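Subject: Structure for your review

Dear colleague,

Please find below the structure that I agreed to pass on to you. My notes on it follow directly after the sequence and the coordinates.

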Amino acid sequence: MIHFPTMLKRATAALMLGSLLALAGCHTGNTKDEVSTASMTGQFDATLKSYKDGQFLVDGAVLSALDVGSHFAYLKDQGKLPKTVLLMPSDDSKIRKVHLQYMARMQMDYGFTVFYDNKGALTKINPVETKARALEDHHAPSQLPDEQKGKSASSGGFDPSQQQQQQY
């Protein structure tokens, strides 16, 4: 039987314990792609803000999802397409599911990586889990004049007997 010196046993035990702690330390982080928003805000190539009705704020301008897609297409043509994009909530609107779906579509179309502020933690958008949505233009609901409210398309206005016949 082989006898090892006591010092060698203790050194081996300390080495194994140290490696075990090092491996445990590597695994303590989140398994999701989350990082603190405050620490990473300046690290992105482009920053967008969510706005009402699935629209976005880009450099202070309110754009529909289709317009934001056109903006990224232009940047791609110019060779200035960002590699990372941050989506933040604006003062007027929080980030909604529709915003994430539009950004997932743009991520698939243009190949950049999109992160969003999820209650103070940055989360990476996964286009497969988010179910990317086709880009749409925003159409605000049209307002009817007061005299037209409450009338159907078939009621009112046109009487064919009053129309004058024109001869050619």
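In which sense, parallel or antiparallel, do strand β5 (residues 84–88) and strand β6 (residues 113–118) pair? In this predicted model, the two strands pair in the parallel sense, over four bridges. One of the residues involved is Thr84, whose bridge partner in β6 is Thr113. Helix α4 (residues 97–110) belongs to the arrangement as well: β5, α4 and β6 together make a right-handed β-α-β unit.

On the other side of the comparison stands the pairing of β6 with strand β7 (residues 121–124), which is antiparallel and also comprises four bridges. Here Phe115 has Lys124 of β7 as its bridge partner. β6 and β7 form a hairpin, with two residues between the strands. Lys119 lies in the turn of this hairpin and has a positive phi of about 55 degrees.

I turn next to helix α3 (residues 65–77). The helix has 13 residues and, at 1.5 Å a residue, should span 18 Å; its end C-alpha atoms are 18 Å apart, so the expected and modelled values agree. Which residues of α3 are buried? They are Ala65, Val68, Gly69, Phe72 and Leu75. Seen down the axis of α3, these buried residues fall within an arc of 115 degrees and therefore line one face of the helix. The spacing may be read against a general rule: an α-helix has 3.6 residues a turn, so residues three or four places apart point the same way. The cover over the buried residues of α3 includes strands β2 (46–50), β3 (56–58) and β4 (61–63), together with β5 and α4. After α3 comes Gly79, with a positive phi near 75 degrees.

Finally, I add some values for the protein chain as a whole. It contains five helices and seven strands, and from the N terminus on its elements run α-β-α-β-β-β-α-β-α-β-β-α. The chain has 168 residues, of which 28% count as buried. Among contacts with a separation of 6 or more, 70% are between residues 24 or more positions apart. The accessible surface of the chain comes to about 12600 Å², and carbon and sulfur atoms account for 52% of that surface.

Yours sincerely

Notes
Residues numbered from 1 in each chain as written. Predicted model: local features only at pLDDT ≥ 70, side-chain atom pairs only at ≥ 80, totals over all residues. Heavy atoms only, no water. Pairing = 2+ DSSP bridges. Right-handed = clockwise from strand over helix to strand, strands pointing away. Buried < 20%, exposed > 50% of the residue type's maximum accessible area, 1.4 Å probe, protein only. Contact = heavy atoms within 4.5 Å. Areas by Shrake-Rupley, 256 points an atom, 1.4 Å probe, with all protein chains shown as cover. Expected span 1.5 Å × (residues − 1). Arc of directions from axis to C-beta.
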